[in-house]
Amino acid sequence: MNTIWIILLAASAVCAIVFGKGEALGGAALAGAARAVETVLGLCAAFALWSGVLKAAQACGVQRLLSRPLAPLLKKLFPTAFADEEARQAITANLAANMLGLGNAATPAGIAAIARMKTLENSAGTATDEMCMFLVLNMSSVQLFPATVVALRAAAGSASPADIALPALLATVVTTIFGITATWVLARVRRHG
Amino acid sequence: MGKFIVPALLLALVGCGALRGVKLYDAFVEGAWEGLRTAARILPYLLGALVAVEMMKISGAMDVLSALLRTPLKWLGLDSSLSALVVLRPFSGSAALAALQDVFIQTGPDSPAARTACVLMGSTETVVYTISVYFSSQGITKSRHTLPAALISMLAGIVAASLLCRVM
């Protein structure tokens, strides 16, 4: 992340000089900061609400129900984390929320999962294989219905806004398969290479 | 489908809590606290990412990047109007949605390019943003192969979106 950030800032500075946009750069930086604060203020409501709901659901044991169909695959992907009740619940909650398209419900559970995995695997600042796998799965995970995109398309006056739902579902299956495979292969290549 | 998810989940939750005698409200409040703490914890990371994105946009660096991507995207079968979407997608969900709306305005919401853009949007994620929020906020600074693997998965998504929209 550090390297990427430095490259982005350096590219911005160089382009600003080349295109003569130097004086706009400071304003843009502040605008970005303001957007971050606005986004987080909006997220506060969503995070508090969904974390609350997830906690209540956990207290009920609802998640054991959700996790059952996913369990065989997850056990293979996360042998260490899946042996731990807390990590298992957080991982399942995150993936289930992602599948339902509830991105704001997914984030708090996902962060809790990473925090727990860090304790379990006793890693200081380096991502473990299971953490990498979890993040890639999270990012490429199957989404059952792309509600936001369909709503935007309907608002733009589409004749049948939902006709992209099936290709989108198939495409997320493709990204999930490629994501898991790439993570698995890279983990091995990097260990032996 | 979206119409039924929330009421169904809510009913399941309330019904289950009542049957098992769980203190739902106490659990909810405890969870809400955790959610607020999470929001506060990710703010600095999000701020850093969005400052960089805005500076990339105003300086013209983002335009340079999408111009560079135009030819490789053509090889993958994508319309050149999608290059801004592909560049912004890894960094910011809302910026990518704005780019998607631009595609709608340029080509109409039912054009092949717009449909491909929708599938792309629905099957890819804000890779860089997610890594910084999930990992950095937990003190994980070395993400190892997470980014390359996520980008490979995104590339597969681009090819799949382009192919699937031709046949469906």
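Start with helix α7 in each chain: the axes of α7(A) and α7(B) come within 11 Å and cross at roughly 135°. Axes here are lines fitted to C-alpha atoms, for helices over the stretch in contact, and angles run from 0 to 180 degrees between N-to-C directions. That angle makes α7(A) oblique to α7(B). Angles under 35 degrees count as roughly parallel, over 145 as roughly antiparallel, 65 to 115 as roughly perpendicular and the rest as oblique. The crossing of this pair is right-handed: the near helix is turned clockwise from the far one by less than a right angle, where anticlockwise would be left-handed.

Before going on, note that this is a predicted model, in which local features need pLDDT of at least 70 and side-chain atom pairs count only at pLDDT 80 or more, while totals for chains, interfaces and linings use all residues. Residues are numbered from 1 along each chain as its sequence is written, with chains lettered from A and ligands numbered from 1 in the order in which they are written.

Now show the residues of this crossing. Select Leu135(A), Asn138(A) and Met139(A) on α7(A), then Val127(B), Thr130(B), Ile131(B) and Tyr134(B) on α7(B). They are in contact, meaning C-beta atoms, placed from the backbone, within 7 Å. By class, this contact has 5 nonpolar, 2 polar and no charged residues. Ala, Val, Leu, Ile, Met, Phe, Trp, Tyr, Cys and Pro count as nonpolar, Asp, Glu, Lys and Arg as charged, and the others, Gly among them, as polar.

Keep α7(A) (residues 129-140) and add α8(B): the two pack at an angle of about 25°, with axes 9 Å apart. That makes α7(A) roughly parallel to α8(B). The crossing is right-handed. Select Cys132(A), Leu135(A), Val136(A), Met139(A) and Ser140(A); they meet Thr146(B), Ala149(B), Ala150(B) and Ser153(B). This contact holds 6 nonpolar, 3 polar and no charged residues.

Zoom out to both chains. In total, 85 residues of chain B are in contact with 83 residues of chain A. On the chain B side, α2(B) gives the most, with 27 residues. The chain B residues divide into 51 nonpolar, 24 polar and 10 charged.

Last stop: α6 of chain A, residues 103-121. Helices (H or I, at least four residues) and strands (E, at least two) are DSSP runs, numbered from the N terminus. α6(A) has 19 residues and reaches 26 Å from its first C-alpha to its last, close to the 27 Å expected at 1.5 Å a residue. The expected span is 1.5 Å times one less than the number of residues. Step on to Asn122(A), which follows α6(A) and has a positive phi, near 55°.

Methods. Contact = placed C-beta atoms within 7 Å.
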